[in-house]
Amino acid sequence: MSGVTGGRIARVASRVSTIELLFDLVFVFTIGQLTAVIVQSPGVESVLRAAAILAVVWWMYDAFAWLTNQAVPDTVPVRLLLIAAMAAFLVLSLAIPDVFTGSGVLFGVAYLAVVVIHSGLFIARGGRGSVRVMLRVGPLNAVAALLLIASGFATGWLEWVLFLAPLILFLVSGLLARASPFALGASHFVERHGLLMIIAFGESIVSVGAGLTASGLRPQVVLGAVATVAMVAALWWCYFSGDDERAERSFGRAAGRRGTTLALTAYYLAHFVMLFGLVGVAAGLHLSLEDAFAPVTPAAAWLLSGGVAVYLVGDAEYRRELRLGPWVYRLIGAAGSLVAGLLAAWMLPLRAGELPGIALIGALLTIVVLVLVAERSPR
């Protein structure tokens, strides 16, 4: 599929390129930084900070999936600009731990650089329809970046208001994109998001493994490593048990506004929820598995069970939007995960915190496996 804009040929991508894979590896560091934000000070405020940061960062990461879907990165200038965007994203990620305590301006400036590169490439290489939308969406993204820079100079409630204000602009941008829909290539779009999820799954294991190495290779550490892989693999199975292939077919059948709407709801919103769930899972595993037999703290219990629940809710919405199969079981699994966290943190007949971390992980793993089995059982 092709279109001509200003003498430039824009081609809808069919497969993910190697430069995109390199680009997405920066996302590993981003997820790791968000996990560190929660681990360093587990509590409601740090979780809210991580959620706000991920919502802002994910908007532009996902925007590059739209960009390379509409314009194949097969020329030297485009590849160099993508590498420059990678560098800006890396600087942005470096600023994440202190974004509300001193590095907010650097975060905003790096975000502005990402926006400028993205908008410039989209206008230069996108098809006619894409250019028309980006001429309206690009300035909104730039204003969002300026608000983030301004938040770096503010303190208290005003800092939060300025940091969260871009979310309103993202909503407006989504409505503008839906009014002038993109012709998105299904195979590339679905594959790109699948690869991003694999990177997030991998980072969940890497971040926990990095924490475990500091404890020495004791039996409880080895058991914790095995439990980490089992938990992440179960969540991976939820996403990749044939859903990626069905998603490509379903997304490919959606045209016009329906296709653009799915790209916003099933791929930006639902994937944001799943990614945030994985951040919570990684933080919970990190806090629970320094000693797999040690009592789990309420904070670790809520992060772990809440992370699994949030992930399953996002996955259920993803399946519902694309009509991939049963999704109610995943909501039931999310509720079961929250109940497990509640029991582990406060309602055990023993004193709070005496349940070993490995026992809670085993309970959550059982819930996820039961969800998968129930979905595959004959109806």
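Are phenylalanine 27 and tyrosine 61 buried or exposed? In this predicted model, both phenylalanine 27 and tyrosine 61 are buried.

**Aromatic pairs**

The structure contains 24 aromatic pairs. One of them joins phenylalanine 27 to tyrosine 61 in an edge-to-face arrangement. Phenylalanine 27 belongs to helix H2 (residues 26–40) and tyrosine 61 to helix H3, with their positions 34 residues apart, and the pair links distant parts of the chain.

Tryptophan 59 and tyrosine 268 make another edge-to-face pair. Because tryptophan 59 sits in helix H3 and tyrosine 268 in helix H11, this pair ties together parts that are 209 residues apart in sequence. Tryptophan 59 and tyrosine 268 are both buried. The geometry of the two pairs is set out below.

| Aromatic pair | Centre to centre | Between the planes |
|---|---|---|
| Phenylalanine 27 and tyrosine 61 | 4.7 Å | 70 degrees |
| Tryptophan 59 and tyrosine 268 | 5.3 Å | 85 degrees |

Ring pairs also connect Trp66, Phe189, Trp236, Trp237, Tyr239, Phe240, Phe251, Tyr267 and Tyr318 into a cluster.

**The largest cavity**

Searching the whole structure gives 2 cavities of 30 Å³ or more. The volume of the largest cavity is about 200 Å³, and 16 residues line this cavity. Those that lie nearest its centre are Trp59, Ala63, Trp66, Val137 and Leu264. Two of these names recur from the ring contacts: Trp59 pairs with tyrosine 268, and Trp66 is part of the aromatic cluster.

Which helices each supply at least two residues of the lining of the largest cavity? They are helix H3 (44–70), helix H5 (104–125), helix H6 (128–153), helix H7 (156–179) and helix H11 (256–288). Helices H3 and H11, which hold tryptophan 59 and tyrosine 268 respectively, are thus both among the contributors to this lining. By residue class, the lining of the largest cavity comprises 12 nonpolar, 3 polar and 1 charged residues.

**The second largest cavity**

The second largest cavity encloses about 40 Å³ of space. Its lining is made up of Leu67, Thr68, Ala71, Val78, Leu82, Leu121 and Arg125. Two or more of these residues come from each of H3, helix H4 (76–94) and H5. The class division here is 5 nonpolar, 1 polar and 1 charged.

H3 and H5 therefore appear in the linings of both cavities, with at least two residues in the largest and two or more in the second largest.

Conventions. Residues are numbered from 1 along each chain as its sequence is written. This is a predicted model: local features need pLDDT of at least 70, side-chain atom pairs count only at pLDDT 80 or more; totals for chains, interfaces and linings use all residues. Side-chain values use heavy atoms; hydrogens and water are left out. On a 1 Å grid over the protein atoms alone, a cavity is a set of points where a 1.4 Å probe fits but cannot get out, and a pocket is an open set with protein on both sides within 12 Å along at least five of seven lines; lining residues have an atom within 4 Å of a point. Grid points are joined across faces, edges and corners, and a volume is the space filled by probe spheres set on the points. Helices (H or I, at least four residues) and strands (E, at least two) are DSSP runs, numbered from the N terminus. Ala, Val, Leu, Ile, Met, Phe, Trp, Tyr, Cys and Pro count as nonpolar, Asp, Glu, Lys and Arg as charged, and the others, Gly among them, as polar. Rings of Phe, Tyr and Trp (its six-membered ring) pair if their centres lie within 6.5 Å; planes under 30 degrees apart count as stacked, over 60 as edge-to-face and the rest as tilted. Buried means under 20% relative accessible area, exposed over 50%, partly exposed in between (1.4 Å probe, protein chains only).
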